[in-house]
Amino acid sequence: MSIILGPPSMRLLRSLQHHQYLFCPVLSRSVTQGEYRRPGKPRDNKPPWQKINFSFSKGLDGIRKHLTLLKREFFERFVGPEGKPILEHMLEQNRVVWEFRGSESLKQWTVSSDREIGGQSEVYLKLGRNNTTCFLYGTLRSTPPRDGETRYSGYCSMRSKQPLAAFDRKKHHDWSSFNTLHLRVRGDGRPWMINIAAETYFSHQKDDIYNYFLYTRGGPYWQEVKIPFSKFFLTHRGRIQDDQHPLWLDKINTIGFTLGDKADGPFQLEIDYIGVSKDYAHTEEFAYELYKRNPNV
């Protein structure tokens, strides 16, 4: 059975075929968000299996490591949450999550700068005096790369690595018993941005980060900073979102510090420890306006 198309139908079909290349890319960009690729950098079209470094000795070490982690996870469940007795877990009011007491503690962190997009900033991480603190330093330069596309540049950041359980399963920090972030830092007077990333349900939310400001005083004296988690606001790829909601404290992935104040020159930030605490005087649930999806009439 054949179908005969009239002149109007033929013109419509030709028009759709002619404009097909206009519709497909727009749909693909609106559905998915790809990783950032520096302008002029070629695409990496290698299959995933070609990026794996096969090594027999490395495989044996990995199996031994993951079996040890699995054994630890199994026995910690009989002790209590996170390997602590249930009574100690319920009455805990302060917890030091990260402290820097040796070179092994620096392996839990990673640093980055605008050099990844062709910028000129430099950032380094090392142990401070007496090997008891973390010393983040470098030089900030806001000159954008000359690639014809990038308009802004000038940032340096430090971020904790994602904690992993046995066999590289994601592990989260559970801070649901606390309501305040507690830091002991010593800076040079520059303002920093604290970034907290939590687990999300959907893939398009992978770039959602909660931010708040860290103002350092400068000078030789240490600074005790306490920031309630209710003050952190939601951003997506650096843009503040209209639809705000509180931070999920039971599934925290990473925490980071970003400098981007457009003041070119050297900088430094020294961190003694990063912890969480329970402040009973703070009763605020969320500091920003929440939109009601089904408001009461």
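Okay, let's start with one pair of residues: Ala197 has Thr254 as its bridge partner, and Thr254 sits in strand 12. Keep in mind that this is a predicted model.

Zooming out a little, strand 12 covers residues 252-259, and strand 7 pairs with strand 12 in the antiparallel sense over 6 bridges. Both strands belong to an open sheet of 7 strands, with antiparallel pairing, and the order goes 2-5-12-7-8-10-11. So which strands stand at the edges? Those are strand 2, residues 109-113, and strand 11, residues 239-240. Each has a single partner strand, so one side of each has no neighbour in the sheet.

Now let's look at Arg190. You'll find Arg190 in the loop between strand 6, which is 180-187, and strand 7, which is 191-198. Is Arg190 buried or exposed? Well, its relative accessible area is 10%, and the cut-off for buried is under 20%, so Arg190 counts as buried. What does its side chain reach? The backbone oxygen of Ala263, at 2.8 Å. Arg190 also touches a bunch of residues further off in the sequence, including Leu140, Leu214, Thr216, Asp261 and Phe267.

Last stop, the surface. Phe167 is in another loop, between strand 5 (156-160) and strand 6. With a relative accessible area of 48%, Phe167 comes out as partly exposed. Phe167 is also part of a nonpolar patch on the surface, together with Phe56, Leu60, Ile63, Leu67 and Leu70. Taken together, those residues have about 630 Å² of accessible area.

Notes:
Residues numbered from 1 in each chain as written. Predicted model: local features only at pLDDT ≥ 70, side-chain atom pairs only at ≥ 80, totals over all residues. Heavy atoms only, no water. Helix = DSSP H or I, 4+ residues; strand = E, 2+ residues; numbered from the N terminus. Buried < 20%, exposed > 50% of the residue type's maximum accessible area, 1.4 Å probe, protein only. Polar contact = N/O pair within 3.5 Å; in protein donor to acceptor, adjacent residues only side chain to side chain. Contact = heavy atoms within 4.5 Å. Pairing = 2+ DSSP bridges. Patch = residues over 30% accessible without salt bridge, like charges linked within 9 Å, V, L, I, M, F, W, Y side chains within 5 Å. Areas by Shrake-Rupley, 256 points an atom, 1.4 Å probe, with all protein chains shown as cover. Salt bridge = Lys/Arg side-chain N within 4 Å of Asp/Glu carboxyl O. Lists of a residue's contacts leave out its neighbours within four places in sequence.
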